[in-house]
Amino acid sequence: MRVGVGLDDLLEPLSRCFDTESARRVVDLRLTPPVQERIDALAEGANEGALSAGERSEYEALINAADFISILKLKARQHLDSNI
């Protein structure tokens, strides 16, 4: 038995809004180079234990956003695969 609600459960109703074009656009989403560079810099600082409180909050927010996007992309891919 599964307890609680996860991000996947929260995004399920949203994923039902996909049409083929919007699902393709979500699957094709990529980080811009400046965003990726910032994530990499924060990750390096986190690994070294050198982040300020503000940087740690920023890094956590970026990781949470990346998780959100990853699950949304998975749901978009599932939509496309189910419509082949």
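**Exercise 1. Find the order of the elements along the chain, and say how spread out the chain is.**

*Solution.* Start at the N terminus and read along: the elements run α-α-α-α. Helices here are DSSP runs of H or I with at least four residues, strands are runs of E with at least two, and both are numbered from the N terminus. The total is 4 helices and 0 strands. Next, look at the spread. The radius of gyration of the chain is 16 Å, well over the 12 Å that the globule rule gives for 84 residues, so the chain is more spread out than a compact globule. This radius is taken over C-alpha atoms, and the rule is 2.2 Å times the number of residues to the power 0.38. Finally, along the principal axes, the C-alpha atoms fill a box of roughly 45 × 35 × 15 Å.

A word on the source: this is a predicted model, where local features need pLDDT of at least 70 and side-chain atom pairs count only at pLDDT 80 or more, while totals for chains, interfaces and linings use all residues. Residues are numbered from 1 along each chain as its sequence is written, and side-chain values use heavy atoms, with hydrogens and water left out.

**Exercise 2. Decide whether Lys75, Pro34 and Ala61 are buried, partly exposed or exposed.**

*Solution.* First, the cut-offs: buried means under 20% relative accessible area, exposed means over 50%, and partly exposed lies in between (1.4 Å probe, protein chains only).

- Lys75 sits in helix α4, residues 53–82. Its relative accessibility is 6%, so Lys75 counts as buried.
- Pro34 belongs to helix α3, residues 33–47. With a relative accessibility of 55%, Pro34 counts as exposed.
- Ala61 is also a residue of helix α4. Its relative accessible area is 46%, and therefore Ala61 is partly exposed.

For the whole chain, 20% of the 84 residues count as buried.

**Exercise 3. List what Lys75 and Val26 touch, leaving out residues up to four places away in sequence.**

*Solution.* Contact means heavy atoms within 4.5 Å. Beginning with Lys75, you should find Asp8, Leu11, Glu12, Ser15 and Phe18. Now move to Val26, which is in helix α2, residues 20–27. At 13% relative accessibility, Val26 counts as buried. Its contacts are Phe18, Leu72, Lys73 and Ala76. Then zoom out: of the contacts in the chain with a separation of 6 or more, 67% are between residues 24 or more positions apart.

**Exercise 4. Which residues make up the largest nonpolar core?**

*Solution.* A nonpolar core is a set of buried Ala, Val, Leu, Ile, Met, Phe, Trp, Tyr and Cys residues joined through side-chain atoms within 4.5 Å. The largest one has 7 residues: Phe18, Ala23, Val26, Val27, Leu72, Ala76 and Leu80. Two or more of these residues come from each of α2 and α4. Try Ala76 as a check: beyond four places in sequence, Ala76 touches Phe18, Ala23, Val26 and Val27. There is also a second, separate core of 5 residues, including Ile39, Leu42, Leu51 and Tyr59. In soluble globular proteins, nonpolar side chains tend to be buried together.

**Exercise 5. How far apart in space are Ala61 and Leu80, and Pro34 and Ala53?**

*Solution.* Take each pair from C-alpha to C-alpha. Ala61 and Leu80 are 19 residues apart in sequence and 29 Å apart in space. Pro34 and Ala53 are likewise 19 residues apart in sequence, with 21 Å between them in space.
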